[in-house]
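Me: I am new to this structure and would like a close look at one part of it. Please keep the sentences short, and set that part in its surroundings.

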Amino acid sequence: MNVKHPFRSKSPLLNCDKTYKNYRSFKSYLIKDFNNRCGYCDAFDGWSGGPRVYHIDHFAPKSRFPHMENEYENLVYACPFCNLAKGDDWLSDSENISFVADKGYLNPVSDDYNDYFFRDAYGNIHSNTETVQAFYMHKKLKLYLERHRIMWNLTRIWKNKIKIREALEKCKGAERYNELLMHYAELSIEFDEFLEYIIGDIREPEEAI
């Protein structure tokens, strides 16, 4: 496990200065500020049904701290898996203290997750052994699950396919064209294999069309 990839390539950055009485009104801003990715596991929402399927999590649970329910800084764009796994779990009696005895949650915006998590060569998520803060989250949110590796690879291959497709457009008729076309085909096969992990058990292609 020598290769370590950054956990995510782009960190969330809050830019909304609006105020609303209902936290659900913030969703369009959260989608943009979290780059269409779960704030906890970094999964691209497009692989799970898009923004309509993704949730809004309250970092400090609203059941414990109702005055934080509509505070934008307390909202996290989250996949259903992470949101349900985290639930109302909060170990302190203060909305400002997210850790008790090295157990708790890193804030997806104010904490740099790349300091606490990394991905191996296959895309699996690991907690950084040099820190203890990520271990609890890794176990509680089940960041070790296979689905995270699959979605990371789908995104990686998709990005590479786009780059090659753009290159193909620019070198039609050139010697390099066939070489790029071969790489594109190889990536397409790999992409299909990962995609089958997600939809293969749901429906066979003949039944879906």
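How far apart do the end C-alpha atoms of residues 25-84 lie, and how much of the span is helix and how much strand?

Reply: A caution comes first: this is a predicted model. The end C-alpha atoms of residues 25-84 lie 21 Å apart. Helix makes up 20% of the span, and strand makes up 13%. The span carries a UniProt annotation, "domain: HNH nuclease", taken from an unreviewed entry.

One residue there repays a closer look. Ser-63 sits in the loop that links strand 2 (55-58) to strand 3 (75-78). Is Ser-63 buried or exposed? It falls in between: its relative accessible area is 48%, so Ser-63 counts as partly exposed. Its partner is Asp-88, 25 residues apart from it along the chain. The C-alpha atoms of Ser-63 and Asp-88 are separated by 7.0 Å. Their side chains make a polar contact of 3.2 Å.

Now the surroundings. The protein chain has six helices and seven strands. Read from the N terminus, the elements run β-α-β-β-α-β-β-β-β-α-α-α-α. The C-alpha atoms fill a box of roughly 65 × 40 × 35 Å along the principal axes. Of the 209 residues, 42% are buried. Among contacts with a separation of 6 or more, 65% come from residues 24 or more positions apart.

Next, the sheet. Three strands form an open sheet, in the order 1-6-7, with antiparallel pairing. Strand 1 (5-6) and strand 7 stand at its edges. Each has a single partner strand, so one side of each has no neighbour in the sheet. Strands of a sheet pair through backbone hydrogen bonds. Strand 6 (residues 117-119) and strand 7 are joined by three bridges. Across that pairing, Arg-119 stands opposite Ile-125 of strand 7.

Strand 7 (125-127) leads into a loop, and helix 3 (133-140) comes after that loop. Asn-128 lies in the loop. Its relative accessibility is 15%, and under 20% means buried, so Asn-128 counts as buried. What does Asn-128 touch, leaving out residues up to four places away in sequence? The answer is Asp-115, Tyr-116, Phe-117 and Phe-118. The side chain of Asn-128 also reaches the backbone oxygen of Asp-115, at 3.5 Å.

Helix 3 lies across strand 6 and strand 7. Helix 3 runs at about 140° to strand 7. Four of its residues are buried: Ala-134, Tyr-136, Met-137 and His-138. Their cover includes strand 5 (103-104), strand 6 and strand 7. After helix 3 comes Lys-142, with a positive phi near 55°.

Last comes helix 5 (residues 176-199), which has 24 residues. At 1.5 Å a residue, helix 5 should span 34 Å. Its end C-alpha atoms are 34 Å apart, which agrees. The buried residues of helix 5 are Leu-180, Tyr-184, Leu-187, Ser-188, Phe-191 and Phe-194. An α-helix has 3.6 residues a turn, so residues three or four places apart point the same way. Helix 4 (146-170) is among the elements that cover the buried residues of helix 5.

Technical notes: Residues are numbered from 1 along each chain as its sequence is written. This is a predicted model: local features need pLDDT of at least 70, side-chain atom pairs count only at pLDDT 80 or more; totals for chains, interfaces and linings use all residues. Side-chain values use heavy atoms; hydrogens and water are left out. Helices (H or I, at least four residues) and strands (E, at least two) are DSSP runs, numbered from the N terminus. The expected span of a helix is 1.5 Å times one less than its number of residues. Buried means under 20% relative accessible area, exposed over 50%, partly exposed in between (1.4 Å probe, protein chains only). Contact means heavy atoms within 4.5 Å. A polar contact is a pair of N or O atoms within 3.5 Å; within protein, one must be able to donate a hydrogen and the other to accept it, and residues adjacent in sequence count only if both atoms are side-chain atoms. UniProt positions are given in the numbering used here, feature names are shortened, and annotations may be inferred rather than shown by experiment. Two strands pair if DSSP finds at least two bridges between them. Axes are lines fitted to C-alpha atoms, for helices over the stretch in contact, and angles run from 0 to 180 degrees between N-to-C directions.
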